[in-house]
Amino acid sequence: MIRDQRPGAAPGICNAVRIAGGQAALAKRINAAAADDSQKVTQQAVSLWVRQGFVPIHRAVLVSLCVERRIAPHELIASDFREILLSMVVQSPAGAAAVLG
């Protein structure tokens, strides 16, 4: 299991849960904003994200939107993916901006 190990920094998902008012509240916000049933999540899924320290990359933008973008999508994903996205910024600022939201 990949775990974000930034020293002294709370994972973005922990901050998102705090902003939303808890894991169940974040799951409820995600489900309300979900375009269809395939995007819905449970509190248990949010709990797993907290334990891992990151959100699956395909959920990052939706989670960010559910906390009024107070947490950016790139703060929610695993550090390995952040490094890839940062390399995209160097190569193509427009392409990375689209990915980061």
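## A tour from W49 outward

Start by selecting W49, which sits in helix α3. Helices (H or I, at least four residues) and strands (E, at least two) are DSSP runs, numbered from the N terminus. The model is predicted, so local features need pLDDT of at least 70 and side-chain atom pairs count only at pLDDT 80 or more, while totals for chains, interfaces and linings use all residues. Residues are numbered from 1 along each chain as its sequence is written, and side-chain values use heavy atoms, with hydrogens and water left out.

**W49 and its surroundings**

Is W49 buried or exposed? W49 counts as buried because its relative accessibility is 4%; buried means under 20% relative accessible area, exposed over 50%, and partly exposed in between (1.4 Å probe, protein chains only). Next, show the residues in contact with W49, where contact means heavy atoms within 4.5 Å. Leaving aside neighbours within four places in sequence, these are I13, I30, V41, F54, V55, P56, R59 and V63. Pick I13 from that list: I13 and W49 are 36 residues apart in sequence, yet their C-alpha atoms are 7.0 Å apart in space.

**Helix α3**

Widen the selection to α3, residues 43-52. Its buried residues are V46, S47, W49 and Q52. The cover over these buried residues includes α1, α2 and α4. Just after α3, select G53, which takes a positive phi of about 90 degrees.

**α1 against α3**

Add α1, residues 12-20. Two packed helices are described by the angle between their axes and the distance between the axes. Here α1 and α3 pack at an angle of about 140 degrees, and their axes are 8 Å apart. Axes are lines fitted to C-alpha atoms, for helices over the stretch in contact, and angles run from 0 to 180 degrees between N-to-C directions. The two helices, α1 and α3, are therefore oblique to each other; angles under 35 degrees count as roughly parallel, over 145 as roughly antiparallel, 65 to 115 as roughly perpendicular and the rest as oblique. Which residues of α1 and α3 meet? On α1 they are I13, C14 and V17, and on α3 they are V46, W49 and V50. By class, this contact has six nonpolar, no polar and no charged residues. Ala, Val, Leu, Ile, Met, Phe, Trp, Tyr, Cys and Pro count as nonpolar, Asp, Glu, Lys and Arg as charged, and the others, Gly among them, as polar.

**α1 against α2**

Keep α1 and add α2, residues 23-33. The axes of α1 and α2 cross at roughly 85 degrees and come within 7 Å. That makes α1 roughly perpendicular to α2. From α1 the contact uses I13, A16, V17, I19 and A20, and from α2 it uses Q23, A25, L26 and R29. These residues divide into seven nonpolar, one polar and one charged.

**The two sides of α2**

Now colour L26, A27 and I30, the buried residues of α2. They lie on the same side of α2 because they cover an arc of only 100 degrees around the axis, the arc being that of the directions from the helix axis to the C-beta atoms. These buried residues pack against α1, α3 and α4 (60-66). On the other side of α2, select K28 and A32, which are exposed.

**The whole chain**

Finally, zoom out. The protein has seven helices and zero strands. Of its 101 residues, 37% are buried. Among contacts with a separation of 6 or more, 48% join residues 24 or more positions apart.
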